[in-house]
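Please look through the structure shown below and follow how its strands, its helices and the surroundings of its ligand are arranged. The explanation takes these topics in turn.

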Amino acid sequence: MKAALLNKAREIEKANHEAPQTRLMEPFAAEIAGARLMRALGIGTSPELKVVSRWDAERLGSKWILKNPDGKACFDVAALAPEVLAVRKIPGAASLRWLAERHDIRSTYPWPRGADLDQRCAFHVTRATIEAGKFLPPDGFYADFEPKRLPRIRAAAQWNSFEQLGICAARLFLACGAAHIGNILCDGAGRLYSIDHADCDLTDGSEIDLLFESVARGTKSFQALARVAELTDADVLAIFPSEVLAHYAARLRRWKRAVI
Ligand SMILES: Nc1ncnc2c1ncn2[C@@H]1O[C@H](COP(=O)(O)OP(=O)(O)O)[C@@H](O)[C@H]1O
Ligand SMILES: [Mg+2]
């Protein structure tokens, strides 16, 4: 079953790579819905996202990250599109990539050899490739990050911390990009944040069944997955744009059936 799950993950990734026009939502809508989902699940994320003109974006200053319509962050003003998504920087937080490089706080990526899929399941199985999170911000980018509670930061940064599994489970429900070390941030108190939900896959939902067949009840991963099943139809209604409501309502029904 585990091989079937990984094969499914590769299949979905390949299909979406080959036909990006079948994208479920345009990247700005996906990013905004993703942030709403994280908030509904009590997971940290950017406090504010807004679509603005390039002219306005250029005047926002250093507390904002700008994303182009392809969903990618853009740090070169000359390459900004006429309309961009401004994502407010999460105060006092830095990416796990930055923590690894600058503070030597390493999560155990890639997964420990032999680690069981039951435990790592929530690492976004709809994306077989967990790329490294390439963007390493320049010095000063995370100047407001103060590692006040180092033991908590170290614990949260581990690949199988409950908080990370919670983020992975939420991203899996969204079927968005991987929870790699560029897409998870941590603040000085050890709280994690999920960012970059711009790229959501259209899937037939069968990966949800495969996933639940691979995860043992009673594990931390299962608990993280079960948390997502607590979402209600009203949550789905408040989170997603109308074009994809039916899709996510069906995913939630499938998810709830699997948890019972
Ligand atoms: N809200 C944010 N707060 C702090 N840093 C951020 C935020 N959003 C993005 N970043 C930084 O910018 C990088 C790229 O942004 P991301 O949203 O992941 O876009 P991409 O699709 O290009 O990977 C992240 O890895 C992170 O270092
Ligand atoms: Mg990213």
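In this predicted model, strand S1 and strand S3, the latter made of residues 83–88, are joined by five bridges and pair in the antiparallel sense. Two of the residue pairs can be followed by eye: Leu 49 has Val 87 in S3 as its bridge partner, and Ser 53 is matched in S3 with Glu 83. On the other pairing of S3, four bridges connect it to S2, and these two strands likewise run antiparallel. Here Lys 67 is the residue to look for, since it stands opposite Leu 85 in S3.

Taken together, these pairings give an open sheet of three strands, in the order S1-S3-S2, with antiparallel pairing. Its edge strands are S1, which covers 49–53, and S2, which covers 64–67, and each of them pairs on one side only. From one strand to the next, the twist averages 35°. Which helix lies across S1, S2 and S3? It is helix H2, formed by residues 27–40, and its direction makes an angle of about 155° with S1.

Further along the chain, attention can turn to a pair of helices. Helix H8, residues 206–214, packs with helix H11, residues 242–259, at an angle of about 20°, and the two axes are 10 Å apart. Because angles under 35 degrees count as roughly parallel, H8 is described as roughly parallel to H11. The crossing that the two helices make, H8 with H11, is right-handed.

Which residues bring these two helices into contact? From H8 come Ile 208, Asp 209 and Phe 212, and they meet Arg 251, Arg 254, Trp 255 and Ala 258 of H11. When the residues of this contact between H8 and H11 are sorted by class, four are nonpolar and three are charged, while no polar residue takes part.

The last stop is the ligand. Around ligand 1 there are 18 residues, and of these Ser 46, Ala 73, Ser 95, Gly 182 and Asp 196 come nearest. How does the shell around ligand 1 divide by class, and how many of its residues are charged? The shell contains nine nonpolar residues and six polar ones, with three charged residues besides.

Conventions
Residues numbered from 1 in each chain as written. Chains lettered and ligands numbered in written order. Predicted model: local features only at pLDDT ≥ 70, side-chain atom pairs only at ≥ 80, totals over all residues. Pairing = 2+ DSSP bridges. Axes fitted to C-alpha atoms, helices over the stretch in contact; angles between N-to-C directions. Contact = placed C-beta atoms within 7 Å. Parallel < 35°, antiparallel > 145°, perpendicular 65-115°, else oblique. Left-handed = near helix turned anticlockwise from the far one by under 90°. Nonpolar A, V, L, I, M, F, W, Y, C, P; charged D, E, K, R; others polar. Near = placed C-beta within 6 Å.
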